[in-house]
Amino acid sequence: MDNISLEKIRAHYKAKLPFVIYRKPNSSNIQAILQNDDYLHVSKAFKETGFIFSPFDDVMDSVLLPLEHSKQFTVDFIENVEKGNNEPLSTNPDLNGKAYHITLVEKGITAIETSVLKKVVLSRKETLPLEGRDALQIFKKLVAHYKGAFAYCWYHPKVGLWLGATPETLLKIEGNQFSIMALAGTQSYAGSLDVEWQDKELQEQQFVTDFILKNIETQVSAIKVSKLETVKAGNLLHLRTLIKGHLNLNTLNFEHLVKSLHPTPAVCGLPKQDAKTFILENENYNRAFYTGFLGELNFNVVTKPRTGQRNVENRAYAVKRKRTQLYVNLRCMQLEHATINIYIGGGITETSNPEREWEETVAKSLVVKKVL
């Protein structure tokens, strides 16, 4: 894979050609995919090979940067701050949107109390001035500040420009091995992972875990569920469970598997269709790609056997596998004209407190505002 500089990626962007630049969690390797033309490719059955970018509403098309019409690069990356507007943005919350969001949360709680809804994830959009900030400069700051996240900058002239540093994996597959992350519950980090979680957050996380296990049971085997743990993501703490196992490749319907998982209760709610309907009818904006998913789709990877004294003759043979690594699009922003749109939300259950739910969105907004 050839190397490329950020300046060449910037030139590609100025030519209004699609690209994505990204860094996987806890990796030092920055990768880029540059599409050769500005055609808008979509994926409907997830059988193609490329970088996929999918919206929250799963009836909408997923955008694909196909490898057959693109070039892959390793990025020459220097972790310094480039020239640009480095004046910090105000971290004050959008008080004009506070009353609306609290009313929305109250409406969600009422729906849970009076319908089949068990949980609904409600969000808001906060708009800030771009003021000369550069997308690749912001990406570099995301990489520097959030080493445990999937950091990216994605652009298509017919769709838009998005950046983010998400802590949540939707699905990872290599060969017949899979892993899925159940991530839910939020509180601010105050210097320690040894914290007490309330019943509301524990219930949220269990909803997500149970949903995943139910929706994958017919297509997987040898399932292993990790212990519940507290993990740090930026200035926040979350509850996480890892689910691993084997895919039944003879019966696997990959499109069905992805669509059965997305959107998960961590970004939508339960029952999924009822929660999604409530969101689309009551949130006062279009989420677009916020709480969608993105990542590598059906990449070909070559794994070399481990070195050692045994099976010397087998070490000459590399193993070829298909790999898919998809991440939920959280802690993200969209650069649009002269503004930055920040997207934040939280899970609502019958025990939610509307004021605290507002405060949670404020805390989550600081993850993005920190790099602005």
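About 380 Å³ of space lies in the second largest pocket of this predicted model. The largest pocket has a volume of about 480 Å³. Strand β10 contributes to the lining of the largest pocket and also belongs to an open, mixed sheet of ten strands. The points below take the two pockets, then the sheet, then its central pairings and the helices that pack on it.

**Second largest pocket**
- The lining of the second largest pocket consists of 17 residues, and those nearest its centre are Thr186, Gln187, Glu201, Arg356 and Glu360.
- Three elements, β12, α4 (199-216) and α7 (354-369), each supply at least two residues of this lining.
- Helix α7 gives the most to the lining of the second largest pocket, with five residues.
- By class, the lining of the second largest pocket divides into three nonpolar, seven polar and seven charged residues.

**Largest pocket**
- The largest pocket is lined by 28 residues, and Pro25, Gly148, Ala149, Pro167 and Arg240 are the closest to its centre.
- Two or more lining residues of the largest pocket come from each of β10, β11 (169-174), β12 (177-188), β14 (229-233) and β15 (236-247).
- Strand β12 gives the most to the lining of the largest pocket, with four residues.
- The lining of the largest pocket holds 14 nonpolar, eight polar and six charged residues.

**Sheet layout**
- The strand order in the sheet is β1-β7-β3-β2-β9-β10-β19-β20-β8-β16, with mixed pairing.
- Strands β1 (2-5) and β16 (269-270) are the edges, each pairing on one side only.
- At the β16 edge, strand β8 (residues 119-129) pairs with β16 in the antiparallel sense over two bridges.
- Lys119 has Leu270 of β16 as its bridge partner.

**Strand β10 and its neighbours**
- Seven of the seven residues of β10 are buried, so the strand is largely enclosed by the rest of the structure.
- On one face of β10, Gly160, Trp162, Gly164 and Thr166 are buried, and on the other face Leu161, Leu163 and Ala165 are buried as well.
- Strands β9 and β10 run antiparallel and are joined by seven bridges.
- The connection from β9 to β10 is a hairpin through three residues.
- Phe150 has Thr166 of β10 as its bridge partner.
- On its other pairing, β10 is joined to β19 by four bridges, and the two strands run antiparallel.
- Gly164 stands opposite Cys332 of β19, and Leu163 has Met333 of β19 as its bridge partner.

**Strands β19 and β20**
- Strand β19 is mostly covered, with four of its five residues buried.
- Strand β20 (residues 339-348) pairs with β19 in the antiparallel sense over four bridges.
- Met333, the bridge partner of Leu163, also has a bridge partner in β20, namely Ile342.
- The hairpin of β19 and β20 has two residues between the strands, and His337 takes a positive phi near 60° there.

**Helices on the sheet**
- Helix α3 (residues 135-145) lies across β2, β3, β9, β10 and β19 (332-336), and runs at about 165° to β9.
- Strand β10 is thus named among the strands that α3 lies across, and β10 has both faces covered.

How values were computed
Residues numbered from 1 in each chain as written. Predicted model: local features only at pLDDT ≥ 70, side-chain atom pairs only at ≥ 80, totals over all residues. Heavy atoms only, no water. Pairing = 2+ DSSP bridges. Contact = heavy atoms within 4.5 Å. Axes fitted to C-alpha atoms, helices over the stretch in contact; angles between N-to-C directions. Buried < 20%, exposed > 50% of the residue type's maximum accessible area, 1.4 Å probe, protein only. 1 Å grid on protein atoms, 1.4 Å probe; cavity = no way out; pocket = protein on both sides within 12 Å on 5 of 7 lines; lining within 4 Å. Points joined across faces, edges and corners; volume = space filled by probe spheres on them. Nonpolar A, V, L, I, M, F, W, Y, C, P; charged D, E, K, R; others polar.
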